[in-house]
Amino acid sequence: MSQGGIVIKGIRQGLLVRLGDAGWAAALDELIERVEATPAFFRDSRVALDVGPRELGRGELERVRALLAERRVELWAVLSTSSVTQLVAHDLGLVVDLELPARRT
């Protein structure tokens, strides 16, 4: 499922949501709009959020987790190439590395 800059993919553990290249505020707004546009799809789901190279602090990750929780969506993982974001996510008890199945060649 893709719309705008966000790509949503079903994985064994739940949903993988990849944010596009927009700034953090715009990407977060788009994510919440998507969740609110299709609440039945997202309700009671587990989301792994791929934020790419964004360097996010504790407040930003706590905010996205709270916004999703208000909509009955669990943020359980944050994937990032930023070591700062990985450390903050880990400190918040979020998974920072998914073991996705290897691609078949």
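Read along the sequence, this protein chain runs β-β-β-α-α-β-α-β-α. That pattern contains four helices and five strands. The radius of gyration is 13 Å, close to the 13 Å that the globule rule gives for 105 residues, so the chain is as compact as a globular protein of that length. Before I go on, please keep in mind that this is a predicted model.

Some overall figures next. Along the principal axes, the C-alpha atoms fill a box of roughly 40 × 30 × 25 Å. Of the 105 residues, 42% are buried. If you take the contacts with a separation of 6 or more, 71% of them are between residues 24 or more positions apart. The chain exposes about 6,300 Å², and carbon and sulfur atoms supply 50% of that area. On charge, there are 14 positive and 15 negative side chains. The centres of those two sets lie 7 Å apart.

Now the strands, starting with β2 and β3. Strand β2 covers residues 6-11 and strand β3 covers residues 14-18. The two pair in the antiparallel sense, over five bridges. They form a hairpin, with two residues between them. For a place to look on screen, find I11, which stands opposite G14 in β3.

What does β3 pair with in the parallel sense? That partner is β4, over four bridges. Here L16 stands opposite A48 in β4.

R18 is a residue worth a stop, and its place is in strand β3. Is R18 buried or partly exposed? With a relative accessible area of 34%, R18 is partly exposed. Leaving aside neighbours within four places in sequence, R18 is in contact with G5, I6, V7 and D50. R18 and A48 are 30 residues apart along the chain, and their C-alpha atoms are separated by 8.5 Å.

Moving along to β4, which is residues 45-52. Strand β4 also pairs with β5, in the parallel sense and over seven bridges. One pair to pick out is S45, whose bridge partner in β5 is V73.

How many of the eight residues of β5 are buried? Seven are, so to speak of β5, residues 73-80, as mostly covered is fair.

After β5 comes a loop leading to α4, which is residues 83-91, and S82 sits in that loop. S82 has 8% relative accessibility and counts as buried, because the cut-off for buried is under 20% relative accessible area. Which residues does S82 touch, not counting those up to four places away in sequence? They are G52, P53, R54 and E55.

Last, a residue from a helix. E62 lies in helix α3, residues 58-70. Its relative accessible area is 34%, which makes E62 partly exposed. E62 and T81 are 19 residues apart along the chain, and the C-alpha atoms of these two are separated by 19 Å.

To recap for anyone who came in late: β2 and β3 are antiparallel, β3 and β4 are parallel, and β4 and β5 are parallel. S82, in the loop between β5 and α4, is buried, whereas R18 and E62 are partly exposed. That is the end of my part.

Terms used
Residues are numbered from 1 along each chain as its sequence is written. This is a predicted model: local features need pLDDT of at least 70, side-chain atom pairs count only at pLDDT 80 or more; totals for chains, interfaces and linings use all residues. Side-chain values use heavy atoms; hydrogens and water are left out. The radius of gyration is taken over C-alpha atoms; the globule rule is 2.2 Å times the number of residues to the power 0.38. Buried means under 20% relative accessible area, exposed over 50%, partly exposed in between (1.4 Å probe, protein chains only). Contact means heavy atoms within 4.5 Å. Accessible areas come from the Shrake-Rupley method with a 1.4 Å probe; for residues, only the protein chains shown count as cover. Lys and Arg count as positive and Asp and Glu as negative; His and the chain ends are not counted. The place of a charge is taken as NZ of Lys, CZ of Arg, CG of Asp or CD of Glu. Two strands pair if DSSP finds at least two bridges between them.
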